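Please open the model in a viewer and keep the sequence panel visible. The stops below are given as selections, each followed by what is found there.

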Amino acid sequence: MENRIIIEPGAKRKNYWWDLWNFRGLFYFLAWRDVIVRYKQAVIGIAWSVVKPLLTIIIFIVLGKLLHTATPPGVPRAILVCTAILPWQFFSTAFSESSNSLLANSNLLTKVYFPRLIVPASTIIVSLIDFLTSLGILFLFMIYYRYMPGWNLILLPVFLLQATMISMGAGIYIAALNVKYRDFKFLVPFIVQFGLYISPVAFSSDYVYQSVKIPEAVKYIYSLNPMVGVIDGFRWCILGGKTNLYLPGFLLSIVVCILSLILGIWYFRKVEKSFADVI
Amino acid sequence: MEPVIKIENVGKKYFLSHHTKDKYLTLRDMISDGMKAIFGKQQGKSTNLSEEFWALKDVSFEIHKGDRIGIIGRNGAGKSTLLKILSRITEPTTGKITINGNIASLLEVGTGFHPELSGRENIFLNGAILGMSKTEIESKFDEIVAFAEIERFLDTPVKRYSSGMYVRLAFSIAAHLEPDILIIDEVLAVGDATFQKKCLGKIEEVSGHGRTVLFVSHNMETVTRLCNKAGLLKAGSVQAVGNTEDVINTYMRSDFGTTARRSWATDAKKPGDETVNLLEVRVHDKDFKTEETYDITRPVGISMDYEVLNDGDVFTHSFNFFNEQGINIFNVHDTVSEIRNKPRSKGIYTTTMWIPGNMLAEGIVIVGVAIIKIEPFKIYFHEMDVVSFNVTDEIRGDSARGHYVLGFPGAVRPLLQWQTIKK
């Protein structure tokens with residue numbers, strides 16, 4: 001027979017990744033389901049995916065104006081705000097959704113077999129689509145302000161990939177933990193909220209790196225937050241050379257992203273076989 | 001020939017936790033347990049209260065190509081655990097299973113259906129969940145829709161479907177899977193009659209194409225009808241594998257501890273008192289031949305032998321009938337025989353009672369017997385779970401179900417008089 005399955009305790013699935021590839025159809029359909037289900041029965045439907053980030057952007061513009069925070073010369077405030085809000089929103093939704101995804105699909109986990117990694121991974125796709133929609137807002141602002149981005153823009157996918165890696169790494173790790181310890185359900189909103197304050201969304205990393213009052217050690221700890229690298233990267237891409245990309249910090253955050261993804265997958269694979277028993 | 005599924009010494013261990021009502025661990029528990037472990041040492045006591053539980057133990061058997069095998073057993077016997085292991089939802093703790101061919105499992109009808117999605121969208125989603133590719137679903141799409149009879153509602157969200165439509169659609173998708181091995185967990189007990197008949201036909205068609213079907217059910221009648229082989233699980237281990245009827249008989253014997261005949265004649269201690277002792281109870285056909293299985297249309301006789309030790313007492317006979325679910329189907333007191341009003345003399349008596357054909361429902365019937373006095377009330381002996389027998393229906397159309405082939409609920413199944421007049 002061409003198709004032989006051996007079920008054994010602790011069997012290392014040699015064809016784990018091949019299996020994952022075979023189930024790409026399911027991956028696609030789960031993502032597709034989440035996309036179309038979300039705005040069903042909503043009057044303005046898919047427009048919500050534009051309205052939500054737009055409102056946040058407006059709030060940050062107003063807030064920045066009231067507090068008179070500095071903008072780099074020649075950069076409209078709306079565009080400056082977008083460069084941080086868009087990646088941050090992508091991270092926060094991708095991370096929250098994927099960390100909750102296994103619980104939300106527990107009926108699937110207990111009734112059918114498929115590589116479990118598909119579930120959190122498919123939620124990332126949904127956030128990615130949201131992100132691309134909200135990227136449209138940025139481009140509308142650019143057209144409105146007749147703002148011309150530099151060549152740096154072509155590197156945007158690199159930082160998007162970095163953001164995907166960190167949200168997925170953290171997301172699948174927490175998703176796996178969530179199956180066993182429901183505490184993480186409460187921890188996630190906290191991480192997302194707290195992360196907003198320690199990431200350069202409302203301020204610029206330049207202040208941190210150029211400040212003489214902040215000790216070097218703290219600057220390194222600050223760069224350990226991978227979203228610092230991601231947001232700085234977005235700013236650097238979109239605003240051209242008008243902000244600095246702090247290279248050691250950026251490299252550090254890439255390392256953190258890769259490590260978190262490896263750690264996430266490693267832990268997920270370690271515990272995924274027991275999901276159906278404990279969920 | 002190499003078996004399609006080879007199960008070798010499979011076991012599954014769960015830990016039952018006693019220290020918390022919560023099914024889920026929380027960090028607080030972990031931390032407090034950790035603290036207890038540290039400080040517990042001083043008290044020299046372990047606070048670990050979790051207990052091992054083997055849901056399956058040393059399960060070994062083989063399933064061959066084209067077999068339709070029914071897995072039976074009581075609740076908690078490990079049937080669902082076995083299915084979950086075979087479906088790769090959970091991992092065994094010990095043993096090895098080799099499966100040759102691709103496998104599809106239906107542990108639930110409509111897994112992953114989303115109420116907000118339309119019928120059309122759910123066909124694609126559910127198909128993907130069951131392991132079909134997009135092109136496969138597309139090629140069978142029209143067939144699925146036609147089989148489910150939902151053409152008009154294809155673009156309506158399934159939350160607006162009637163439960164019948166919902167189930168029809170869900171089963172239809174599943175029925176169009178083309179695996180070598182199909183695992184089904186009691187999903188047939190749904191839907192309306194005509195549709196059930198179609199489903200059953202579809203499953204027979206599936207196994208007719210040389211595919212293997214593994215079917216788990218509590219329902220003896222469906223297993224008898226659908227499966228050519230059966231496996232009996234009891235408390236996590238295999239009790240019997242083989243011909244469906246034999247296995248069901250074994251199930252009756254082993255799980256209910258009863259057969260069609262039970263004797264105390266040679267026992268030192270017999271049920272009863274100083275006046276009456278129970279000697280033997282038999283279930284038999286009209287020729288007094290003891291049997292375990294009865295066609296639903298045949299009468300069933302229950303005979304009870306007992307010994308009267310003192311002269312002069314007046315008493316009567318009583319039988320109780322229970323089904324597999326423990327429901328008391330009916331009780332009878334002997335209010336008919338002449339002897340019930342007369343003082344007895346010493347000696348051995350045999351009392352026989354007849355249950356007419358077309359009265360009991362299909363399934364296992366468990367009998368209790370008693371000798372009692374009504375006025376003033378006195379129980380001489382009352383023995384429960386004494387004998388048991390199995391009632392089957394071949395569906396020739398002469399029983400109350402007529403030609404209806406699927407689940408037919410009800411504790412009894414009398415064939416009654418019907419009259420229809422056109423006004």
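Begin by selecting helix 4 and helix 5 of chain B in this predicted model, whose crossing is right-handed. Helix 4 spans residues 134-148 and helix 5 residues 163-175; their axes come within 8 Å and cross at roughly 140°. Angles over 145 degrees would count as roughly antiparallel; the two helices of chain B are therefore oblique to each other.

Next, display the side chains at this crossing. Helix 4 of chain B contributes Ile144(B), Phe147(B) and Ala148(B), while helix 5 of chain B contributes Arg168(B), Leu169(B), Ser172(B), Ile173(B) and Ala175(B). By class, the contact residues comprise 6 nonpolar, 1 polar and 1 charged.

Move now to the sheets of chain B. Select strands 10, 11, 13 and 16 of chain B, which form an open sheet in the order 10-11-13-16 with antiparallel pairing. Strand 10 (261-263) and strand 16 (347-355) of chain B each have a single partner strand, so one side of each is left without a neighbour in the sheet. From one strand to the next, the twist averages 20°.

Within this sheet, zoom in on strand 10 and strand 11 (residues 276-284) of chain B. The two run antiparallel and are joined by 3 bridges. Which residue of strand 11 of chain B stands opposite Ser263(B)? The residue to select is Glu280(B).

The next selection is a sheet of 5 strands in chain B, also described as open, with the order 12-18-17-14-15 and mixed pairing. Strand 12 (293-295) and strand 15 (328-333) of chain B are the edge strands, each pairing on one side only. Neighbouring strands in this sheet are turned by 30° against each other on average, direction ignored.

Isolate strand 17 (residues 363-373) and strand 18 (residues 378-392) of chain B to see an antiparallel pairing over 10 bridges. In this pair, Ile372(B) stands opposite Ile379(B) of strand 18 of chain B.

Now show both chains and select the interface. Here 27 residues of chain A are in contact with 37 residues of chain B. On the chain A side, strand 1 (4-7), helix 2 (24-38), helix 5 (106-111) and helix 13 (275-278) each supply at least two residues. Which of these elements of chain A gives the most? Helix 2 of chain A does, with 5 residues. The side of chain A that touches chain B divides into 13 nonpolar, 4 polar and 10 charged residues.

Strand pairing also links the two chains: strand 1 of chain A and strand 4 (residues 94-100) of chain B run antiparallel and are joined by 4 bridges. Select Arg4(A) together with Asn100(B), its bridge partner in strand 4 of chain B.

For the last stop, colour chain B by pLDDT. The mean for chain B is 84, and 88% of its residues reach 70 or more. Among the elements of chain B, strand 13 (residues 300-308) has the highest mean pLDDT, 95, and helix 1 (residues 27-43) the lowest, 61. Over residues 41-47 of chain B the pLDDT is below 50, and this stretch has 5 contacts in the model beyond near neighbours in sequence. Where pLDDT is low, the predicted coordinates should not be read in detail. The scores for the model are ipTM 0.84 and pTM 0.74.

Definitions and conventions:
Residues are numbered from 1 along each chain as its sequence is written. Chains are lettered from A and ligands numbered from 1 in the order in which they are written. This is a predicted model: local features need pLDDT of at least 70, side-chain atom pairs count only at pLDDT 80 or more; totals for chains, interfaces and linings use all residues. Axes are lines fitted to C-alpha atoms, for helices over the stretch in contact, and angles run from 0 to 180 degrees between N-to-C directions. Angles under 35 degrees count as roughly parallel, over 145 as roughly antiparallel, 65 to 115 as roughly perpendicular and the rest as oblique. A crossing is left-handed if the near helix is turned anticlockwise from the far one by less than a right angle, and right-handed if clockwise. Two residues are in contact if their C-beta atoms, placed from the backbone, lie within 7 Å. Ala, Val, Leu, Ile, Met, Phe, Trp, Tyr, Cys and Pro count as nonpolar, Asp, Glu, Lys and Arg as charged, and the others, Gly among them, as polar. Two strands pair if DSSP finds at least two bridges between them. pLDDT is the predictor's confidence in each residue, from 0 to 100.
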